[in-house]
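User: Could you walk me through the empty spaces inside this protein? I'd like to reason through them step by step.

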Amino acid sequence: MTMDEIIGFVDGLDGVLTLRPEPGDGTPELARGDAFFYYSPDGVVPTTIQPFATIVTKNYPGDETSRLERPGAFRVNVAAGREAFTRWTGHAPRETATAGDGAGAASGGGDDAVIAHPVYGPQGWLAVVNPGPRTGEAVRELLTEAHRLARARYERRAEAG
C-alpha cells in the first residue's frame, strides 16, 4: 500500500477531513509531508479533538523506534479503540507492552506488521510501518473502525451540546 492509496481510502469515508501540511499554511515544519484524518462533516478543522488516524513520514522526537528515516518509509497510526487494540496485541492498551505486542512491537516492529503504537499504544493506538500484502486488509479495517468510533464521538458531542 502506498501513502496515496491509504489517503484515497480514508478520503472515501463519509465526513473525513484530511490535512496534509504544506509550507506556508501555518503548521509546524515537522508535520509537513504527513497526513492527519479527522471526522469533521462540516469541513472545519477541529480544535478540541485529535485525529482518528495519521500517516507520518519521519521520526518525531521521542519516537524513533519505527526507523522512519529510511527512504520511502512511513507509518500509519490508528486510534483503533480498546477492542481492536486488545485483539491485535493480546492485552489491554494500558497494560505494560511486551515482546508479544503484535509482530515485534517491543522493538518498534518490522515493516508490514500491526503493532502497538510506540508512543500512543497506552491510549489504544495501533500502527503499521510500510503496510503491504500482509496488512493491507487489516489497515483498511482498522481505519474503518477508527472512523466509526470518531463519528460516534462526534455525534455524542453534537447531541450533548
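Analyst: Happy to! Helices and strands here are DSSP runs, numbered from the N terminus, with at least four residues for a helix and at least two for a strand. Please keep in mind that this is a predicted model.

User: How many cavities of 30 Å³ or more does a search of the whole structure find?

Analyst: A cavity is a set of points where a 1.4 Å probe fits but cannot get out. With the cut-off at 30 Å³, the search of the whole structure finds one.

User: What volume does the largest cavity have, and which element gives the largest share of its lining?

Analyst: Its volume is about 40 Å³. The lining is made up of V76, V78, L126, A127, V128, V139 and L142. At least two of these residues come from each of β4 (75–79), β6 (125–129) and α3 (136–160). The largest share, three residues, belongs to β6.

User: By class, which residues line that cavity?

Analyst: Polar and charged residues are both absent from the lining of the largest cavity. By class, its seven lining residues are nonpolar.

User: Now for the open space: which residues lie closest to the centre of the largest pocket?

Analyst: The largest pocket holds about 450 Å³ of space. Of the 17 residues that line this pocket, the closest to its centre are F36, Q50, P51, T54 and Y120.

User: Which strands each supply at least two residues of the pocket lining, and how many of the lining residues are charged?

Analyst: The strands are β2 (35–39), β3 (53–56) and β4. By class, the lining of the largest pocket has ten nonpolar and five polar residues, and the number of charged residues is two.

Conventions. Residues numbered from 1 in each chain as written. Predicted model: local features only at pLDDT ≥ 70, side-chain atom pairs only at ≥ 80, totals over all residues. Heavy atoms only, no water. 1 Å grid on protein atoms, 1.4 Å probe; cavity = no way out; pocket = protein on both sides within 12 Å on 5 of 7 lines; lining within 4 Å. Points joined across faces, edges and corners; volume = space filled by probe spheres on them. Nonpolar A, V, L, I, M, F, W, Y, C, P; charged D, E, K, R; others polar.
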